[in-house]
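Trainee: Could you walk me through this model and show how each label is earned?
Mentor: Gladly; have a look at it with me.

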Amino acid sequence: MGRFFDNDFPMSQSIDELFEDGLQRYQAGESVDTLIPTFKDLSARAPKNSAIYTCLSWLYLLAEKPNAAFKTAQKAIRITPQDPQAHINMAIAILDSGRKGVREHVELATQLVMSVEDVQADIRQNFKEGLTRKPDWDSLKRVEKWIFDS
């Protein structure tokens with residue numbers, strides 16, 4: 001864990017390698033509380049990488065930090081407006097933080113998800129995985145229903 005956010009991590013590892021390692025740690029079930037600093041550090045090192053911000057916003061959502069998730073999803077969308085997962089994260093963050101404006105992000109995410117079959121499978125898997133980690137996540141269930149039952 002520490003090798004990501006101290007200054008002693010191997011410089012031979014690229015941002016992409018560190019990102020992939022972080023994803024593997026997440027998929028292996030590592031706690032979001034230990035992964036958030038990793039992805040925060042990666043976002044500071046690669047501020048134009050929307051995938052890092054999208055992952056970080058997801059981690060914040062899992063950690064029940066919707067305001068931080070909102071801000072990082074916003075950054076991801078600014079960099080890559082056509083990322084459906086960033087819009088899904090934004091919609092969930094809006095619901096979880098009591099903000100307004102969820103429809104725009106749900107509609108855009110639905111268009112993006114439904115336009116590419118491979119994306120549909122990935123997004124369905126993300127919803128499933130989110131509910132595995134957080135079974136009573138009502139806002140995730142609502143957004144999933146809006147996207148796939150519309």
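Trainee: What makes up the protein, in helices and strands?
Mentor: The protein has eight helices and zero strands. These are DSSP runs, H or I of at least four residues for helices and E of at least two for strands, numbered from the N terminus. The model is predicted: local features need pLDDT of at least 70 and side-chain atom pairs pLDDT 80 or more, while totals for chains, interfaces and linings use all residues. Residues are numbered from 1 along each chain as its sequence is written, and side-chain values use heavy atoms, leaving out hydrogens and water.

Trainee: Why is the protein called as compact as a globular protein of that length?
Mentor: The globule rule is 2.2 Å times the number of residues to the power 0.38, and the radius of gyration is taken over C-alpha atoms. For 150 residues the rule gives 15 Å and the protein's radius of gyration is 15 Å, so the description fits.

Trainee: How much of the protein is buried?
Mentor: Buried residues are 46% of the 150. Buried means under 20% relative accessible area, exposed over 50%, and partly exposed in between (1.4 Å probe, protein chains only).

Trainee: What makes a nonpolar core, and which residues touch the most other members?
Mentor: A nonpolar core is a set of buried Ala, Val, Leu, Ile, Met, Phe, Trp, Tyr and Cys residues joined through side-chain atoms within 4.5 Å. In the largest one, with 42 residues, F39, W58, I88, I92, F127 and I147 touch the most other members. Helix 3 gives the most to this core, nine residues.

Trainee: Which residues is I92 in contact with?
Mentor: Contact means heavy atoms within 4.5 Å. Leaving aside neighbours within four places in sequence, I92 is in contact with W58, L61, W137, S139, L140 and V143.
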